[in-house]
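This report looks at how the helices of one chain come together. Please keep the sequence and the model in view while reading.

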Amino acid sequence: MIKLKQNQKSLALWAADCAEHVLLYFEKEYPKDDRPKKAIEATRAWVSGEISVGAARAAAFTAHAAAREAKGNNAACFAARAAGQAVATAHVPQHAFGAAYYALKVVAVANSINADVKIAKELNCQSQHLPKNLGQIWKDWQDKQLPKNLQSVMKKLKVSHSKK
């Protein structure tokens, strides 16, 4: 936990990048709803000291409200959840991993053909953008949280866990 807290802002930026990478799945279905986008912007604003943790939490709640309203479209729903988790990293560092996980879920439901391979590629992209000193924590989280079939695909494709 200490290492996560010390790296909270780096994790928040990484989570915002993960969420932004799949945001188009929400925006395509709900082009007039900017709550998830604003949540990602709020993440970066919190990192730069422009807003408080309380304001970041409020942005998380609005992104999750958008996700609930998009429940009929899994990709859009999960993209909004990713944004909500990203900005919630301001409150609890582990939410960064939730943002990455929801981004993976977006890829899974949006790309049913060869989904495992596409998920593994997204995971690899996420891993490559993670600050190097957090690679082991990310790997440990994956080992505990990711489904076994995805873990085996990752091993087969030799997915790495941090920047080179």
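## The nonpolar core

In this predicted model, the largest nonpolar core holds 51 residues, and the members that touch the most others are Leu11, Trp14, Val22, Phe26, Val87, Val106 and Trp138. Eight helices are listed below; each supplies at least two residues of this core.

| Helix | Residues |
|---|---|
| Helix 2 | 8-22 |
| Helix 3 | 24-29 |
| Helix 4 | 35-47 |
| Helix 5 | 53-69 |
| Helix 6 | 74-88 |
| Helix 7 | 95-110 |
| Helix 8 | 115-129 |
| Helix 9 | 135-145 |

Helix 6 gives the most, with eleven residues. Phe26 is one of the core members named above. Beyond its neighbours within four places in sequence, Phe26 is in contact with Asp33, Pro36, Ala66, Ala70, Ala76, Ala79 and Ala80.

## Helix 5 against helix 6

How are helix 5 and helix 6 packed, in angle and axis distance? The angle is about 170 degrees, and the axes are 8 Å apart. Angles over 145 degrees count as roughly antiparallel, so helix 5 is roughly antiparallel to helix 6.

Helix 5 makes the contact through Ala56, Ala59, Ala60, Ala63, His64, Ala66, Ala67 and Arg68. Helix 6 answers with Cys77, Ala80, Arg81, Ala83, Gly84, Gln85, Val87 and Ala88. Eleven of the contact residues are nonpolar, three are polar and two are charged.

## A residue of helix 8

Lys121 lies in helix 8. Is Lys121 buried or exposed? Its relative accessible area is 58%, so Lys121 is exposed. Val107 is 14 residues away from Lys121 in sequence. In space, their C-alpha atoms are 9.7 Å apart.

Note on methods:
Residues numbered from 1 in each chain as written. Predicted model: local features only at pLDDT ≥ 70, side-chain atom pairs only at ≥ 80, totals over all residues. Heavy atoms only, no water. Core = buried A, V, L, I, M, F, W, Y, C linked by side-chain atoms within 4.5 Å. Buried < 20%, exposed > 50% of the residue type's maximum accessible area, 1.4 Å probe, protein only. Helix = DSSP H or I, 4+ residues; strand = E, 2+ residues; numbered from the N terminus. Contact = heavy atoms within 4.5 Å. Axes fitted to C-alpha atoms, helices over the stretch in contact; angles between N-to-C directions. Parallel < 35°, antiparallel > 145°, perpendicular 65-115°, else oblique. Nonpolar A, V, L, I, M, F, W, Y, C, P; charged D, E, K, R; others polar.
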